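User: I have a model open and want to go through it with you. Can we start with the strands and work outwards?

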Amino acid sequence: MNYLLNKILVFILLSFCFSANAQEIISNLKKTKSGVVIVEVNSDFNSKNSVSFLSQLKDCKAFRIDLSNANALKVKTVPTLIIFDSGQEKRRFEANIMMKCEANYNDVQNAINEIILNKFQ
């Protein structure tokens, strides 16, 4: 199972790295059954407010997508963090009026942990 999961995630990562069109990546994220994935949607004009702890999150795969390529995600503010589980959106953290994510590492990690624990209930 882990082997298959890793292959799927490598495919998504390679798609992200080599595709000029993030819409394909978003489509792949929604179709995959690879577990918990978190996506940060931001823009170059707001890069100083990018979520710094994204790579530190545990038990998930993390990706960044530019706002200009994320129309399918219906993002209203940047940065926005979207947590997917098995291709389904489970949680969304949106920026405040100052274009900063109010959610901290603990908020996001707790949401990921809750999603994982709910699988066992």
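**Strand β1 and its surroundings**

Analyst: This is a predicted model. Strand β1 is covered on both faces: Val-36, Ile-38, Glu-40 and Asn-42 on one side are all buried, as are Val-37, Val-39 and Val-41 on the other.

User: How many of the residues of β1 are buried, then?

Analyst: Seven of its seven residues are buried, and β1 counts as mostly covered. On the two-sided pattern, side chains in a regular strand alternate between the two faces of the sheet.

User: There's a Glu in that list. Why does Glu-40 count as buried?

Analyst: Glu-40 counts as buried because its relative accessible area is 1%, and the cut-off is under 20%.

User: What does the side chain of Glu-40 make a polar contact with?

Analyst: With the side chain of Arg-64, at 2.5 Å. Arg-64 also stands opposite Glu-40, in β2.

User: And what else is Glu-40 in contact with?

Analyst: Leaving aside neighbours within four places in sequence, the contacts of Glu-40 include Ser-50, Val-51, Leu-54, Phe-63 and Ile-65, and also Pro-79, Thr-80 and Leu-81.

User: Zoom out. What is the strand order in the sheet?

Analyst: The order is β2-β1-β3-β4, in an open sheet of four strands with mixed pairing. The edge strands are β2 and β4 (88–94), each pairing on one side only. On average, neighbouring strands are turned by 20° against each other, direction ignored.

User: Which strands run parallel?

Analyst: β1 and β2 run parallel, joined by six bridges. β1 pairs with β3 in the antiparallel sense, over six bridges, and there Val-36 stands opposite Asp-85. β3 and β4 are also antiparallel, with six bridges between them; in that pair Leu-81 faces Phe-93 of β4.

User: Which strands does α3 lie across?

Analyst: α3 lies across β1, β3 and β4, and runs at about 15° to β3.

User: OK, packing. Which residues of the largest nonpolar core touch the most other members?

Analyst: Ile-38, Leu-57, Leu-81, Ile-83, Phe-93, Val-108 and Ile-112, out of 16 residues in that core. β1, β3 (80–85) and α3 are the elements giving two or more residues to this core, and α3 has the largest share, with four.

User: Take Ile-83. What does Ile-83 touch?

Analyst: Not counting residues up to four places away in sequence, Ile-83 touches, among others, Val-36, Val-37 and Ile-38, then Phe-93, and also Val-108, Ala-111, Ile-112 and Ile-115. Apart from that core lies another, of 11 residues, including Ile-65, Leu-73, Ile-82 and Phe-84.

User: Different spot. Where is Ser-43, and is it buried or exposed?

Analyst: Ser-43 is in the loop between β1 (36–42) and β2 (61–66). Ser-43 is buried because its relative accessibility is 13%, against a cut-off of under 20%. Beyond four places in sequence, Ser-43 is in contact with Asp-66, Leu-67 and Val-78.

User: Last thing: where is the confidence lowest?

Analyst: Helix α1 (residues 2–18) is lowest, with a mean pLDDT of 50, while helix α3 (residues 105–118) is highest, at 96. Over residues 14–20 the pLDDT is below 50, and this stretch has nine contacts in the model beyond near neighbours in sequence. Where pLDDT is low, the predicted coordinates should not be read in detail.

User: And what does the protein average?

Analyst: The protein averages a pLDDT of 83, and 72% of the residues score at least 70.

Note on methods. Residues are numbered from 1 along each chain as its sequence is written. This is a predicted model: local features need pLDDT of at least 70, side-chain atom pairs count only at pLDDT 80 or more; totals for chains, interfaces and linings use all residues. Side-chain values use heavy atoms; hydrogens and water are left out. pLDDT is the predictor's confidence in each residue, from 0 to 100. Contact means heavy atoms within 4.5 Å. Buried means under 20% relative accessible area, exposed over 50%, partly exposed in between (1.4 Å probe, protein chains only). A nonpolar core is a set of buried Ala, Val, Leu, Ile, Met, Phe, Trp, Tyr and Cys residues joined through side-chain atoms within 4.5 Å. Two strands pair if DSSP finds at least two bridges between them. Axes are lines fitted to C-alpha atoms, for helices over the stretch in contact, and angles run from 0 to 180 degrees between N-to-C directions. A polar contact is a pair of N or O atoms within 3.5 Å; within protein, one must be able to donate a hydrogen and the other to accept it, and residues adjacent in sequence count only if both atoms are side-chain atoms.
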